[in-house]
Amino acid sequence: GVVRDVLLLDNACSEVLSSRLSKKQLANYLYYVDMTDEERALNSREQELIADYRSLAASSRDIAFEYNGVEYSDKSAEAAYYSDKIDYDTYTAISRYISSQLNARFGEIYLEMISVRNQIAALHDYSNYAEYAYAEVYHRDYTVKDIEAFSTAVKKELCTHFWTYVYYMDSVDENALPLAASKYTGSNVFPTLLPYFAQLSDELYESASYIYEHGSYDLDPYSRKAGTSYTRTISYYNMPFYFNNPTGTYSDLTTAIHELGHANNAYWSGHDWNDPSTDVDTAEVHSQGLELLMLKFYPELFGTQADAVAQSTIANTIYSVIQGCIHDELQRYAYSTPNVTLKQINEFYCKIMKEYGRVEKDDPRTEMYGWYEVPHTFQSPMYYISYATSAAGALMFWEESQEDYFAAVDHYLAFVAQPGNVSFQDSFKGVNLDSPLSPEYIQKLDKTMREKVMVLKPFEDVYMYNWYAMGVYVANYYGLMNGTSETTYSPKQNLTKAQILTVLARLANLYGLADSGDSVFTLEQGVAWAVEAGLADGDNLKDPVTREEFAVLMCDFAKLLGAELEISTDLSDFGDADKVSEDAVDAMTWMVENGILAGAADMEGNVILDPQGVITRGQFATLLYRFIMA
């Protein structure tokens with residue numbers, strides 16, 4: 001409005017200002033129409049509601065509610081749990097109760113926000129605020145319908161396998177990192193990272209070096225600094241400034257990689273007051289894309305912990321896709337449902353949390369309340385999908401890097417070099433890549449994730465989603481079973497009797513029934529122990545073992561552990577129960593009763609035990625794991 005009024009003046013100011021604008025920019029300013037009184041009133045009420053939200057959010061951790069005669073707040077319940085004054089189940093029950101009570105308070109504000117914002121959308125001829133925000137607030141080049149298809153693909157493809165990946169992720173042992181803590185934090189991140197940036201590109205090295213050499217950063221820890229990190233362009237100098245309040249851990253280094261991705265774009269693009277800012281979706285591709293391409297140098301930066309840190313980086317990026325879709329879908333529902341109630345919102349949130357795999361599908365809850373903990377839902381409605389779309393875009397470079405690393409780097413650098421006024425999907429077209437929002441791409445991303453990162457290391461032939469993966473993981477972790485080579489497990493290969501006896505000897509060592517000293521039982525030593533323990537007679541050691549023979553062997557081993565093998569059922573539910581040898585019936589029944597041995601469907605759909613079937617390495621690892629857990 002101010003620019004318009006200056007342009008309408010007939011003086012030197014309007015002449016200078018006009019000379020700085022293109023014809024399109026001139027038209028945009030000159031035809032700008034002031035808000036009506038109704039628009040002003042709605043916008044004013046929206047700001048008041050945001051202020052109410054912020055006030056409640058600032059105090060919510062301290063608000064106490066009575067639970068079973070005792071007053072608890074979020075903060076005091078947490079303190080009680082960590083000081084062992086309440087157990088985990090009690091803490092969970094209290095937390096859920098407090099969440100439901102806070103949900104009611106935040107919900108009251110949110111319901112009025114929905115009403116006000118939908119009225120704003122209606123004044124601009126949109127059916128709801130979600131559609132208005134996509135088009136008019138964020139100027140996205142994709143629609144609500146595009147995101148509906150994208151979100152459906154994320155549920156169907158990524159979520160099917162992602163939570164399995166998270167389950168197997170290694171935790172980072174910070175004591176085993178190869179560099180001193182100072183190398184990962186503060187201004188030391190620059191000399192640590194610069195040699196690797198130089199290997200990626202001259203441009204990246206130049207932008208980071210310039211910031212470092214000119215001191216355009218604030219990276220010292222301080223208790224009164226904001227606990228956040230960001231990169232901003234200082235307009236007067238037309239250069240990026242990097243801020244962080246470091247924690248003194250390796251995450252300071254990964255944060256620096258992220259922020260220097262932003263800084264690189266800011267350094268090369270440059271903006272004056274009237275330039276369009278970089279698309280919000282595109283901006284995060286600059287940062288997250290660099291993080292994923294830097295995985296190549298993690299072995300040097302993080303040593304033996306490289307895999308664990310890399311898993312965390314990949315998982316966080318994919319999680320951003322899933323979380324972005326969840327909260328956008330919830331907001332789309334809230335704004336598009338006429339006269340929506342808080343109960344409906346809570347029920348829908350519970351429903352989609354199950355659909356995206358955030359909670360188990362058989363979770364008895366019908367309502368969930370934690371959506372109110374996301375500030376964007378109140379302060380930046382419909383923004384959250386940008387976390388999903390940008391992460392999907394960044395993963396496009398990672399996905400390409402699995403086949404051709406430097407082709408991915410070239411595409412990334414070309415992507416970053418584009419002007420800020422190029423829209424999100426067009427920016428990918430500009431470097432000859434497909435849209436990261438297409439369901440086909442999400443399907444491809446899921447395939448790459450499964451084939452490249454969901455391998456159960458050190459074995460390249462066991463994937464985390466294989467039904468026998470947990471058994472292999474446990475057997476390998478406890479040193480019970482070796483692979484057939486350093487990188488293969490051969491899950492479909494048969495086991496000999498000698499090999500099974502050796503594994504049982506090693507398991508007996510863990511239980512304290514055997515003593516292998518400081519070494520692991522070899523094949524000969526394992527068989528010798530089994531013969532001495534009465535598990536075998538030493539014959540037919542090279543023969544494979546059938547499922548019923550294995551059942552007998554495991555029952556005998558259970559007796560050594562002191563188990564009482566009581567059985568109360570039979571095998572009549574299985575179509576081939578009559579094929580179980582007489583001397584193996586009790587053992588097979590005990591294995592079934594204790595959930596160790598399960599039936600499988602034959603070609604005709606009948607549930608069978610397959611008692612004469614030969615035990616494979618994958619089956620054995622799984623049955624061994626179930627035995628340990630029984």
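Visitor: What covers the buried residues of α15?
Guide: The cover includes α6 (88–123) and α14 (306–336). Buried means under 20% relative accessible area with a 1.4 Å probe, protein chains only. Helices are DSSP runs of H or I, at least four residues, numbered from the N terminus. This is a predicted model: local features need pLDDT of at least 70, side-chain atom pairs count only at pLDDT 80 or more, and totals for chains, interfaces and linings use all residues. Residues are numbered from 1 along each chain, and side-chain values use heavy atoms, without hydrogens or water.

Visitor: Which residues of α15 are buried?
Guide: L342, I345, N346, F348, Y349, C350, I352, M353 and K354.

Visitor: What follows α15?
Guide: G357, with a positive phi near 80°.

Visitor: New topic. How much space lies in the second largest pocket?
Guide: About 620 Å³, as the space filled by probe spheres set on grid points joined across faces, edges and corners. A pocket is an open set of points on a 1 Å grid over the protein atoms alone, with protein on both sides within 12 Å along at least five of seven lines. Lining residues have an atom within 4 Å of a point.

Visitor: Which elements give two or more residues to its lining?
Guide: α5 (74–82), α6, α14 and α15. The largest share, eight residues, comes from α6.

Visitor: And which residues lie nearest the pocket's centre?
Guide: R96, S99, R365, G370 and E373, out of 26 lining residues.

Definitions and conventions: Buried < 20%, exposed > 50% of the residue type's maximum accessible area, 1.4 Å probe, protein only. Contact = heavy atoms within 4.5 Å. 1 Å grid on protein atoms, 1.4 Å probe; cavity = no way out; pocket = protein on both sides within 12 Å on 5 of 7 lines; lining within 4 Å.
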